[in-house]
Amino acid sequence: MFDFQYYAPTRVVFGRGVEARTGSLLKELGAKRVLLHYGGSSAVRSGLLSRVAASLDEAGIAHTQLGGVVPNPRLSKVREGAKLAREFGADLILAVGGGSVIDSSKAIGYAVAEPDRDVWEIYDRRRTPRACLPVACVLTIAAAGSEMSNSSVITNEDTGEKRGYRNDLCRVKLALMDPELTTTLPPYQTAAGCTDILMHTLERYFTQGGNMELTDQIAEGLMRTVMKNALILRDDPANYDARAEVMWASSLSHNDLTGLGANGMDFVSHGMEHELGGMFDVTHGAGLSAVWPSWARYVYRDCLPRFVKFARTVMDVEGTSDEDTALKGIAALEDFFRSIHMPVTLKELGVEPTEEQILAMAASCARGAGGKKGTAKLLYEADMAEIYRMAR
Ligand code: NZQ
Ligand code: ZN
């Protein structure tokens, strides 16, 4: 077991109808002027945005709105939001949406807190932020875990770079989580969300040591729970209890709980997906399932005990040898992805990169990680290119 620090400062208010309390809870946080930030049309169509705005009015909190955040949120929207927040004198950004809206809000928070600096310098690793305006959220999709993570991911549409950045400054102060809000999701988004949730724990699970029994059991329980409920939601999208299980798993899977004591985090599949997102604008969870099986087959020999443990305790399969068990575990997860209609190759994802594009993505991924990345196996640019080729 390695030493660790655990910091999860987000106040979570979870359950049916909690969004009606947005105003009073934000008032407790001292918010007076709020930028209400949202995505495309789902929050408008469902009436959620008006309900949240009415709750702010009731609490006497002034607010202005900015919608239009797209999946793989764009830097230009962040700049637009920062300008508006400054002009309005916002003291808090309220995200009504999923990971994309929350991440855009976090980036706006950074931009407003240090108005004289370019916010992209943070995502480009050219400087460390010193402050972030408080962010709160009403979550509408269980997936990215941004509601409790210290991460945000922004795409610079001028360069095609999608970059994640982690810092505790951006942790959400208050997360309102009503599982019922996620029942309007298209099945593809529900499945992609479940995939992303699984992946946040998988990325922490495959390491070369330090793994604690308690952390492992939490991680394994979370993965089994997500798979079980993803199948329930595939057949019964309105199932409240399954929605609730998956929503809470979204937060716990990416607030660091499922990796405590372990020897770092892998996150190569994520890094490689971010390149796909930057170049081809794919759905994050679907990009992950398209890459993971190839990543796993590329690295499993170097992390065999963990792949065997995963196969037995999470996928419930056994082979004729450790290697066979590991491979059966990988195949079983691949089958699970197929069963919820997630792609397991780039072709199924709808992307057919040329050799030149593969080399460009591998180079960018390695560069973004400082040249190398991975805890299951340390990978370099050439390894990443090979995994993209395997995933075709
Ligand atoms: O824009 P609207 O109309 O709201 O539609 C959204 C969007 O098209 C729709 N949606 C959301 N809630 C809905 C709904 N549709 C109907 N009913 C609802 N209740 O779903 C689509 C996807 O939304 P998005 O916010 O993009 O999903 P997600 O939460 O998966 O976020 C993905 C982004 O988060 C990043 C990803 O890379 C990607 O950019 N990530 C952020 C992380 C973090 N901050 O910690 C970690 C993750 O690994 C991930 O990288
Ligand atoms: Zn993710």
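Here are some short exercises with worked solutions on this structure, which is a predicted model.

**Exercise 1. The pocket of ligand 1**

Work out how many residues surround ligand 1 and which are the closest. Then find the polar side chains that reach this ligand, and say which elements build its shell.

*Solution.*
Step 1: Start with the count. The shell holds 32 residues, and the closest are G40, S42, S100, S149 and H200.

Step 2: Sort the shell by class. You get nine nonpolar, 20 polar and three charged residues.

Step 3: Look for polar pairs. The side chain of S100 puts an N or O atom 2.6 Å from an oxygen atom of ligand 1. K162 has a polar side-chain atom 2.8 Å from an oxygen atom of the ligand. With S146, the ligand's partner is a nitrogen atom, 3.2 Å from an N or O atom of the side chain.

Step 4: Check the cover. On its own, ligand 1 has 960 Å² of accessible area, and the protein covers 89% of that.

Step 5: Assign the shell to elements. Those giving two or more residues are helix 5 (99–113), strand 6 (151–156), helix 7 (187–205) and helix 10 (268–280).

**Exercise 2. The zinc site**

Find which residues coordinate the zinc ion (ligand 2), and describe how the donors are spaced along the chain.

*Solution.*
Step 1: List the donors. They are D196 through OD, plus H200, H270 and H284, each through NE2, at 1.9 to 2.2 Å.

Step 2: Write the spacing as a pattern. Along the chain it reads D-x3-H-x69-H-x13-H.

Step 3: Pick one pair and see what it bridges. H200 sits in helix 7 and H284 in helix 11 (residues 284–299), so this pair links parts of the chain 84 residues apart.

Step 4: Check burial, where the cut-off is under 20% relative accessible area. H200 comes in at 2% and H284 at 18%, so both count as buried.

Step 5: Tie this back to Exercise 1. H200 is a zinc donor, and H200 is also listed among the closest residues to ligand 1.

**Exercise 3. Two residues at 0%**

Decide whether T195 is buried or exposed, do the same for S152, and list what each one touches.

*Solution.*
Step 1: T195 belongs to helix 7. Its relative accessibility is 0%, so T195 is buried.

Step 2: Follow the T195 side chain. One of its polar atoms lies 2.9 Å from the backbone oxygen of A191.

Step 3: Now skip neighbours within four places in sequence. What remains in contact with T195 is G285, S289, F337, I340 and M342.

Step 4: S152 is in strand 6. Its relative accessible area is 0%, so S152 is buried too.

Step 5: The S152 side chain makes a polar contact with the side chain of Y123, at 2.7 Å. With the same skip as in step 3, S152 touches D103, K106, Y110, Y123, R163, G164 and Y165.

**Exercise 4. Positive phi**

Where do R125 and D256 sit, and is each one buried or partly exposed?

*Solution.*
Step 1: Read the angles. Phi is near 60° for R125 and near 85° for D256; each is a positive value in a residue other than glycine.

Step 2: Place R125. It falls in the loop between helix 6 (120–123) and strand 5 (135–139), and at 47% relative accessible area R125 is partly exposed.

Step 3: Place D256. It falls in the loop between helix 9 (240–253) and helix 10, and at 19% relative accessibility D256 counts as buried.

**Exercise 5. What S55 holds on to**

Find which residues S55 is in contact with, leaving aside its neighbours within four places in sequence.

*Solution.*
Step 1: S55 is in helix 3 (residues 48–58) and is buried at 5% relative accessibility.

Step 2: The contacts are E19, A20, R21, T22 and G23.

Step 3: Zoom in on the side chain. It reaches the backbone nitrogen of G23 at 2.7 Å and the backbone nitrogen of T22 at 3.4 Å.

**Exercise 6. Helix 16**

Which residues of helix 16 (residues 381–391) are buried, and what do they pack against?

*Solution.*
Step 1: The buried ones are D383, M384, A385, I387, Y388 and A391.

Step 2: They pack against helix 10, helix 11, helix 14 (346–349) and helix 15 (355–368).

Step 3: For the pattern, recall that an α-helix has 3.6 residues a turn, so residues three or four places apart point the same way.

Note on methods. Residues numbered from 1 in each chain as written. Chains lettered and ligands numbered in written order. Predicted model: local features only at pLDDT ≥ 70, side-chain atom pairs only at ≥ 80, totals over all residues. Heavy atoms only, no water. Near = heavy atom within 4 Å. Polar contact = N/O pair within 3.5 Å; in protein donor to acceptor, adjacent residues only side chain to side chain. Areas by Shrake-Rupley, 256 points an atom, 1.4 Å probe, with all protein chains shown as cover. Helix = DSSP H or I, 4+ residues; strand = E, 2+ residues; numbered from the N terminus. Nonpolar A, V, L, I, M, F, W, Y, C, P; charged D, E, K, R; others polar. Donors = N, O, S within 2.8 Å, 3.2 Å for Na, K, Ca; no water. Buried < 20%, exposed > 50% of the residue type's maximum accessible area, 1.4 Å probe, protein only. Contact = heavy atoms within 4.5 Å.
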